[in-house]
Amino acid sequence: MKDKIEKTTTLKAPLAKVWRAISDSVAFGTWFGMTLDGPFVEGQTVMGAIAKTQVDDEIAAHQEPYVGMRCELRIERVVPRKLFAFRWHPGADPDLEPDAPMTLVTFELEEVPGGTRLTITESGFDALPLERRAKAFTENEGGWEIQLSLIGKYLEREE
């Protein structure tokens, strides 16, 4: 099994707008489907809970069983208009020990003709306990594909 997931898309939106969608915790929660208790600040931890995305009713219905599940985002790096990275427990498992291994999620932005290229990478699956690894990888492989569509819908809606 691979240690990382990488998904790329070109969004038909200016870099500044895409940056706000991923780096502003309220905007992020709107499309991702999460409520967060504070801003994304490098070196800090933000607590959150799964919520329903506000940009796609079908995906929101799929998120319904997970609403309220707590999650923790440890903000690793914030490089304005270029990179946003956090660590989390994939699957937002509430029974995990606080020091359980986390994966690293990185959003990288690049201005390209016609918009902004967004690359989402989640790495560190090899460090997860064997009994969680395959499920976390499989769920997030599909999950990041869905998130690419959600951020696109969010940006279209914000025009």
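1. In this predicted model, Arg74 of strand S4 has Arg87 of strand S5 standing opposite to it. Arg74 also serves the other side of the pairing pattern, since Thr45 stands opposite Arg74 in S4. Arg74 is thus a convenient residue from which to begin reading the strands.2. Strands S3 and S4 may be taken next. Strand S3 covers residues 45–50 and strand S4 covers residues 70–79; the two run antiparallel and are joined by five bridges. Within this pair, Thr45 faces Arg74 of S4 as its opposite residue.

3. Strand S4 is also joined to strand S5, residues 83–88, by five bridges, and these two strands run antiparallel. One of the facing pairs consists of Val78 and its bridge partner in S5, Phe84. S4 and S5 form a hairpin, with three residues lying between the strands. Arg81 belongs to this turn and has a positive phi of about 65°.

4. Is strand S5 mostly covered or mostly uncovered? It is mostly covered, as five of the six residues of S5 are buried. For the reader who inspects the side chains of a strand, a general point is useful: in a regular strand they alternate between the two faces of the sheet.

5. Strand S5 has a further partner in strand S6, residues 103–112. The pairing of S5 with S6 is antiparallel and extends over six bridges. In this pair, Trp88 stands opposite Thr103 of S6.

6. Where is Gly114 placed? Gly114 lies in the loop between S6 and strand S7, the latter spanning 115–123. The relative accessibility of Gly114 is 62%, and therefore this residue counts as exposed; the cut-off for that class is over 50%.

7. Gly114 also has contacts with residues distant in sequence. Leaving aside residues up to four places away in sequence, Gly114 touches Leu11 and Lys12. Lys12 and Gly114 are 102 residues apart along the chain, and their C-alpha atoms are separated by 6.0 Å.

8. The helices deserve a separate point. The axes of helix H1 (residues 15–23) and helix H4 (residues 130–157) come within 11 Å and cross at roughly 120°. H1 and H4 are therefore oblique to each other, and their crossing is right-handed. On the side of H1, the contact is made by Lys17, Val18, Arg20, Ala21 and Ile22; on the side of H4, by Ile151, Tyr154 and Leu155. The residues of this contact comprise six that are nonpolar, two that are charged and none that is polar.

Methods. Residues are numbered from 1 along each chain as its sequence is written. This is a predicted model: local features need pLDDT of at least 70, side-chain atom pairs count only at pLDDT 80 or more; totals for chains, interfaces and linings use all residues. Side-chain values use heavy atoms; hydrogens and water are left out. Two strands pair if DSSP finds at least two bridges between them. Helices (H or I, at least four residues) and strands (E, at least two) are DSSP runs, numbered from the N terminus. Buried means under 20% relative accessible area, exposed over 50%, partly exposed in between (1.4 Å probe, protein chains only). Contact means heavy atoms within 4.5 Å. Axes are lines fitted to C-alpha atoms, for helices over the stretch in contact, and angles run from 0 to 180 degrees between N-to-C directions. Angles under 35 degrees count as roughly parallel, over 145 as roughly antiparallel, 65 to 115 as roughly perpendicular and the rest as oblique. A crossing is left-handed if the near helix is turned anticlockwise from the far one by less than a right angle, and right-handed if clockwise. Ala, Val, Leu, Ile, Met, Phe, Trp, Tyr, Cys and Pro count as nonpolar, Asp, Glu, Lys and Arg as charged, and the others, Gly among them, as polar.
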